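Trainee: I have just opened this one and would like to be walked through it. Could we take it topic by topic?

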Amino acid sequence: LGGRNPRRTVVVVAEASRADDDQGVFDADRECVSLAPSVTKCAGAKFRPFRNAWMLEELGVSFEHMAVYPRSQEASASNPFGKIPALKDGDFVMYESAAINTYLGDKFGKLVPKAGTRERGRYEQVLMTIMSELDAQGLWVHRKFEALKAHFGAIPEAVAHAKEHAGRTVSVLASDLRPGGYLLGEEFSAADILFVACLDWGESIGWAPAIFGQHDAVLSEYLARCRARDAYKRAKARD
């Protein structure tokens with residue numbers, strides 16, 4: 001792919017998700033695509049791992065694409081929780097998908113505002129809102145107590161509340177969107193990667209577009225623009 005930097009070494013360890021999810025977080029299909037000898041990405045491209053795949057595609061960073069099992073020895077070697085994704089950049093290892101994208105943006109000087117600026121403060125605020133309110137208290141509740149209820153038990157009341165909370169969170173975030181714009185203003189950023197990935201997740205479980213509420217028109221237009229990006233399409237092709 002044009003514009004890639006073969007000198008960089010990046011490894012992302014992530015789950016290759018199953019369509020039926022019967023094994024949930026305890027099983028995964030495996031795939032491995034090597035793109036460059038100096039850069040490795042171990043990943044599927046669904047749910048949280050997709051965020052890092054998309055970010056790397058936007059940055060034009062060459063990487064190798066692999067997959068490991070959650071809670072496997074390989075996953076635990078990169079993440080003390082045994083979860084995925086995780087990032088290996090040379091001998092540097094980190095985990096948490098949003099933190100990974102911020103690190104990559106800082107490292108390569110794109111898609112993340114400069115540290116110490118008001119724009120960076122707003123970026124961090126949006127990121128934390130998406131992760132703590134939409135992801136953890138919304139989407140993951142569905143994942144755990146509906147999609148993976150065979151392992152964790154079904155709690156329909158919690159799932160229903162999580163969907164309502166997700167709708168409120170989406171409304172807050174969407175209130176700053178303007179036609180033709182993005183979460184931080186006129187420029188596309190890593191915050192949009194995280195938001196769109198979560199909205200994709202919501203759509204896959206039947207929550208979207210219901211959770212768009214009064215912002216359905218502006219969010220639909222926003223999603224169409226973001227999904228039309230070449231990097232998004234390349235990341236999706238790994239799915």
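Trainee: Which residues are linked in a network of salt bridges?
Mentor: Bear in mind that this is a predicted model. In it, R48, R51 and D135 are linked in a network of salt bridges.

Trainee: How far apart are the closest N and O atoms in the salt bridge of R48 with D135?
Mentor: They are 2.5 Å apart, and this pair links distant parts of the chain, since R48 lies in helix 1 and D135 in helix 4, 87 residues apart. As for R51, its side chain is joined to that of D135 by a polar contact of 2.6 Å.

Trainee: And is D135 buried or exposed?
Mentor: D135 counts as buried because its relative accessibility is 1%, and buried means under 20%. Its partner R48, by contrast, is partly exposed, with a relative accessible area of 22%.

Trainee: What else does D135 touch, if I skip residues up to four places away in sequence?
Mentor: Besides R48 and R51, D135 touches I130, W140, C198 and W201. On the same basis, I130 is in contact with D135, and also with L173, L183, A191, L194, F195 and C198.

Trainee: Then let's turn to the core. Which residues have the most contacts inside the largest nonpolar core?
Mentor: Those are W54, I130, F195, L219 and Y222, in a core of 57 residues. Several helices each supply at least two residues of this core, including helix 1, helix 4 and helix 8, while helix 7 gives the most, with ten residues.

Trainee: Back to charges for a moment: how many salt bridges are there in the whole structure?
Mentor: A search of the whole structure finds 13. One of them joins E203 and R227, with the closest N and O atoms 3.6 Å apart, and that pair links helix 7 to helix 8 across 24 residues. E203 counts as partly exposed at 41% relative accessibility, and R227 is partly exposed too, at 22%. In another salt bridge, the side chains of E146 and K149 meet at 3.4 Å, N to O.

Trainee: New topic, the strands. How do strand 4 and strand 5 run?
Mentor: Strand 4, residues 86-89, and strand 5, residues 92-95, run antiparallel and are joined by four bridges. Within that pairing, L87 has M94 of strand 5 as its bridge partner.

Trainee: What sits between them, and what is the phi of G90?
Mentor: The hairpin has two residues between the strands, and G90 takes a positive phi near 70 degrees there.

Technical notes: Residues are numbered from 1 along each chain as its sequence is written. This is a predicted model: local features need pLDDT of at least 70, side-chain atom pairs count only at pLDDT 80 or more; totals for chains, interfaces and linings use all residues. Side-chain values use heavy atoms; hydrogens and water are left out. Buried means under 20% relative accessible area, exposed over 50%, partly exposed in between (1.4 Å probe, protein chains only). A polar contact is a pair of N or O atoms within 3.5 Å; within protein, one must be able to donate a hydrogen and the other to accept it, and residues adjacent in sequence count only if both atoms are side-chain atoms. Contact means heavy atoms within 4.5 Å. Two strands pair if DSSP finds at least two bridges between them. A nonpolar core is a set of buried Ala, Val, Leu, Ile, Met, Phe, Trp, Tyr and Cys residues joined through side-chain atoms within 4.5 Å. A salt bridge is a side-chain nitrogen of Lys or Arg within 4 Å of a carboxyl oxygen of Asp or Glu.
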